[in-house]
Amino acid sequence: MSAILKVNKVCKAYTDKNNRKQVLNNVSLEIEQNSIMGIVGPNGSGKTTLLKILSGLIAPDSGEVIFNDSESKTKVELLLEGARSFYWNLTGRENLDYFSTLFHISDSDQRIQDLVELLEMKDFINELSGNYSRGMQQKLSIAISLLELPDVLLLDEPTNGLDQDSIKKLISILNDLHKKYNLAILVVCHDLNFIKNFTKKVLFVRDGSIEKEIESHQIELYKKPVNLVLENYNQKKITTNSFRIPCEVTGKELRVSGDLYNLDFYKFMSSIDDEGLKIKEITFKEFDW
Amino acid sequence: MYAILLTMNEVKKTYRINLHYPVAFFSNIINNLIFIAVILLIFSTIFDISNAFTAVLWPFILAVSASGSDSVQSDMQLGTLERIVGRNKQFQQLLLARMMASGLFSFPLVLVFFFLLYSKIDSEVNSIMGLMLILIPLTISSLGLGYLLSAITLYFKEIGSFPNLIMMALLAATMFDWSSINHTFLYILNAVLPFLSIKSFLLEGDKVFLYVSYFNSVLILLIGVIAFNKILFYTKKNRGFGRY
């Protein structure tokens with residue numbers, strides 16, 4: 001499959017008074033046509049900044065974003081976190097009408113009608129959007145984003161504030177849109193269940209760099225928290241204090257728990273083989289979100 | 001064509017918001033009427049008619065100049081600015097449409113007071129054509145100021161009532177009696193300060209001031225547009241268009 005959007009060695013730093021914070025560090029990735037990709041990582045790891053750079057809202061300090069075909073530039077639409085990005089003192093339909101003129105959409109009435117039906121917004125489209133529930137607001141935000149059909153839809157924390165039923169509906173809506181319009185979708189989310197059920201590939205971002213890329217079903221491995229019982233623990237060789245993680249030593253057994261978003265725990269997990277430890281038991285606690 | 005479409009879109013949006021919130025709409029109109037009437041009364045009794053006339057044009061100037069920065073500020077808070085800038089590459093054009101739409105809403109008030117003062121103005125402005133003659137540089141200056149204030153809003157994110165303060169200071173500068181100062185300096189002031197040359201034209205009827213007002217308005221518009229584009233580029237290069 002061909003890439004419709006390529007990011008090549010993008011770097012970005014924010015400067016606030018005298019502090020300079022490197023947010024993205026040599027990030028490279030490719031978004032393929034008709035793909036669904038997820039990005040996960042701890043807060044402040046640069047996920048939203050990456051989306052903003054992809055959508056052209058922020059310019060990178062170095063590196064480039066390449067839109068694949070030369071004939072027509074890839075259209076990228078970013079749907080930012082939460083229920084913002086429309087006018088609360090207008091109804092849903094008035095918002096759609098306003099943005100369709102702003103985006104210069106031809107045959108906007110038909111387009112609005114299609115979206116209202118597709119996103120099941122008929123019941124509330126003529127109400128003031130300030131009175132909408134989070135789910136309704138999310139639908140309206142998506143509808144505005146799809147007024148002019150993008151090639152790539154970027155979603156930042158789309159499940160924030162939604163209950164499980166609404167998340168299921170959102171997945172179903174996004175899947176329908178993906179199939180109907182062949183959209184490439186890139187979603188940033190802390191909800192690993194959503195990532196697992198909706199995306200195909202997942203990128204792990206940490207400290208401004210893409211750490212790894214996995215298939216979304218492998219996300220199970222990154223559930224948190226993890227409980228481990230390790231054998232062959234040799235106190236002389238490895239001291240648990242050096243990893244600063246909660247642990248309990250019983251003879252040659254070492255019990256530890258933590259989550260893989262925690263850097264200390266992550267480092268500890270990476271060193272298990274090197275230290276000659278063997279995993280006796282591993283349990284992933286159920287999702288607690 | 002797209003510019004007209006954008007302006008009408010903004011007019012429609014404002015009209016719809018006013019329909020949803022009629023109390024706010026009518027109290028704003030009544031406030032404006034009282035404000036103008038008081039200013040008119042004060043200026044026509046204490047000062048000369050040219051000052052009074054400039055004063056009644058002020059709501060129009062204020063509506064055009066402040067609406068740009070107001071919209072940038074409220075869009076930033078709502079999060080709509082990121083959606084608009086992300087998709088609409090002609091943000092500058094949209095801002096122009098917003099300022100024009102705001103001007104259109106306050107224009108009827110200007111017309112009402114123009115006809116009230118019609119007979120009292122002893123200059124070339126006492127006709128619709130005359131009004132148009134001064135409305136053109138007035139509008140261009142207001143747009144330039146609007147871009148400048150929007151640039152300041154983009155840069156500082158939260159500026160509160162700063163645009164109103166600037167406009168009040170400009171009103172005071174326009175109303176001030178500069179006649180005692182050196183003539184060369186007066187011409188420089190007229191060329192640099194927005195709106196002053198329009199008042200000078202109304203006061204003295206000297207067409208040179210009218211030409212100066214055209215020069216002055218184009219200068220302000222140029223400064224405003226350049227500053228706005230620079231800040232737009234800077235914002236894109238730095239923190240972005242979010243509130244923080």
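Look at strand 3 of chain A in this predicted model and check where its side chains go. A:Ile36, A:Gly38 and A:Val40 point one way from the strand, while A:Met37 and A:Ile39 point the other way. Whichever way they point, all of these residues are buried.

Why is strand 3 of chain A described as largely enclosed by the rest of the structure? Strand 3 covers residues 36-40, and five of its five residues are buried, so the rest of the structure largely encloses it. Being buried here takes 20 or more other C-beta atoms within 10 Å of a residue's own.

Next, the strands it pairs with. Strand 3 of chain A pairs with strand 7 of chain A, and bridges also join strand 3 to strand 8 of chain A. Here are the two pairings, with one bridge picked out from each:

| Partner of strand 3 (chain A) | Sense | Bridges | One bridge pair |
|---|---|---|---|
| Strand 7 (residues 184-188) | parallel | four | A:Met37 with A:Leu186 |
| Strand 8 (residues 201-206) | parallel | four | A:Ile39 with A:Leu203 |

Now for the place where chain A meets chain B. The contact takes 23 residues from chain A and 23 residues from chain B. On the chain A side, helix 1 (47-55), strand 5 (76-79) and helix 2 (92-102) each supply at least two residues. Which of the elements gives the most to that side? That's helix 2 of chain A, with four residues. Sorted by class, the side of chain A that touches chain B has 13 nonpolar, six polar and four charged residues.

Technical notes: Residues are numbered from 1 along each chain as its sequence is written. Chains are lettered from A and ligands numbered from 1 in the order in which they are written. This is a predicted model: local features need pLDDT of at least 70, side-chain atom pairs count only at pLDDT 80 or more; totals for chains, interfaces and linings use all residues. A residue is buried if 20 or more other C-beta atoms lie within 10 Å of its own, exposed if 12 or fewer, and partly exposed in between; C-beta atoms are placed from the backbone. Two strands pair if DSSP finds at least two bridges between them. Two residues are in contact if their C-beta atoms, placed from the backbone, lie within 7 Å. Ala, Val, Leu, Ile, Met, Phe, Trp, Tyr, Cys and Pro count as nonpolar, Asp, Glu, Lys and Arg as charged, and the others, Gly among them, as polar.
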